[in-house]
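Trainee: I am new to this structure and would like to take a close look at one part of it. Could you choose a place to begin and then lead me outward from there?

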Amino acid sequence: MEKDNIVEIPIPPGVPQSVIFRVMETCGVDYQIKKDPILDKEYPVLSGYPEQIENAKRYLKLFTEVKLALRDIALLGRRYKTMAKIYTEDEELRYILSIASQDIANRDWIEVCEEKPTDGECETLEICGKKVYIYV
């Protein structure tokens, strides 16, 4: 990478390491710890080309929202001892769901489906403006 075209964005506090790793893997950006000499504090940044950084911003939000939703769905599935089948028509979101589902506890209680399930009751959830259907 040429040094001139590299852009950096600070990572907001509270973003899980698993989300940062998935964004690095998906977008091809680098993770660094920078030091602010004025405030004498360290902070994490993602760096890469401008188009990679734009994707990284979007994926940071998407992975975080998906992970939070999946965590809650899996917890409810375990509590009520029922498998939750998750489906979305959006291919990108289905890909994110399948990756993020590997990083959560109680993942045995959720299944990301390639095809729309034909049985069970359905609840609709919206994640970053995209519809997700949960069948139980």
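**The aromatic pair and what surrounds it**

Mentor: In this predicted model, the count of aromatic pairs comes to 1. The two partners are Tyr 59 and Phe 63, whose rings are tilted with respect to each other, the centres standing 6.1 Å apart and the planes meeting at 40°. Those two values are given together because a pair of aromatic rings is described by the distance of the centres and the angle of the planes. Both residues belong to helix α2, where they are 4 residues apart, about one turn of the helix, and both are buried. The ring of Tyr 59 has a further companion, since the charged end of Arg 58 sits over this ring, 4.9 Å from its centre.

From the pair we can step to Val 23, which is in contact with both Tyr 59 and Phe 63. Leaving aside neighbours within four places in sequence, the contacts of Val 23 also include Gly 28, Val 29, Leu 46, Ala 56 and Leu 60. Val 23 and Phe 63 appear again when we turn to the largest nonpolar core, a set of 32 residues, for they are among the members that touch the most others, together with Leu 46, Val 66, Leu 70, Ile 86 and Ile 110. At least two residues of this core come from each of α1 (17-27), α2 (50-79), β4, α3 (91-100) and β7. The helix that carries our aromatic pair, α2, gives the most to the core, with 11 residues.

Next to consider is the sheet, an open one in which 4 strands follow the order β5-β4-β7-β6 with mixed pairing. Its edges are taken by β5 (110-112) and β6, and as each of these has a single partner strand, one side of each is left without a neighbour in the sheet. From one strand to the next, the twist averages 25°. Helix α2 lies across β4, β5, β6 and β7, and runs at about 155° to β6, while α3 lies across β4, β5 and β7, at about 55° to β7.

Strand β7 (residues 130-135) deserves a careful look of its own, being mostly covered, with 5 of its 6 residues buried. On one hand, β7 pairs in the antiparallel sense with β4 (residues 84-87) over 3 bridges, and here Tyr 87 stands opposite Tyr 133 in β7. On the other hand, β7 is joined to β6 (residues 122-127) by 6 bridges, again running antiparallel, and Glu 126 has Lys 131 in β7 as its bridge partner. The hairpin of β6 and β7 has 2 residues between the strands, and Cys 128 takes a positive phi near 50° there. Tyr 133 also brings us back to rings and charges, since Lys 116 lies over its face, at 5.2 Å from the ring centre.

Finally, Lys 41 can be set beside the buried pair with which we began. Lys 41 lies in strand β3 (residues 41-48), and its relative accessible area is 56%, so it is exposed. Apart from neighbours within four places in sequence, Lys 41 is in contact with Lys 34, Lys 35 and Asp 36. The C-alpha atom of Lys 41 is separated by 36 Å from that of Gly 129, the two residues being 88 residues apart along the chain.

Definitions and conventions
Residues numbered from 1 in each chain as written. Predicted model: local features only at pLDDT ≥ 70, side-chain atom pairs only at ≥ 80, totals over all residues. Heavy atoms only, no water. Buried < 20%, exposed > 50% of the residue type's maximum accessible area, 1.4 Å probe, protein only. Contact = heavy atoms within 4.5 Å. Pairing = 2+ DSSP bridges. Core = buried A, V, L, I, M, F, W, Y, C linked by side-chain atoms within 4.5 Å. Axes fitted to C-alpha atoms, helices over the stretch in contact; angles between N-to-C directions. Phe/Tyr/Trp six-rings, centres within 6.5 Å; stacked < 30°, edge-to-face > 60°. Lys NZ or Arg CZ within 6 Å of the ring centre and 35° of its normal.
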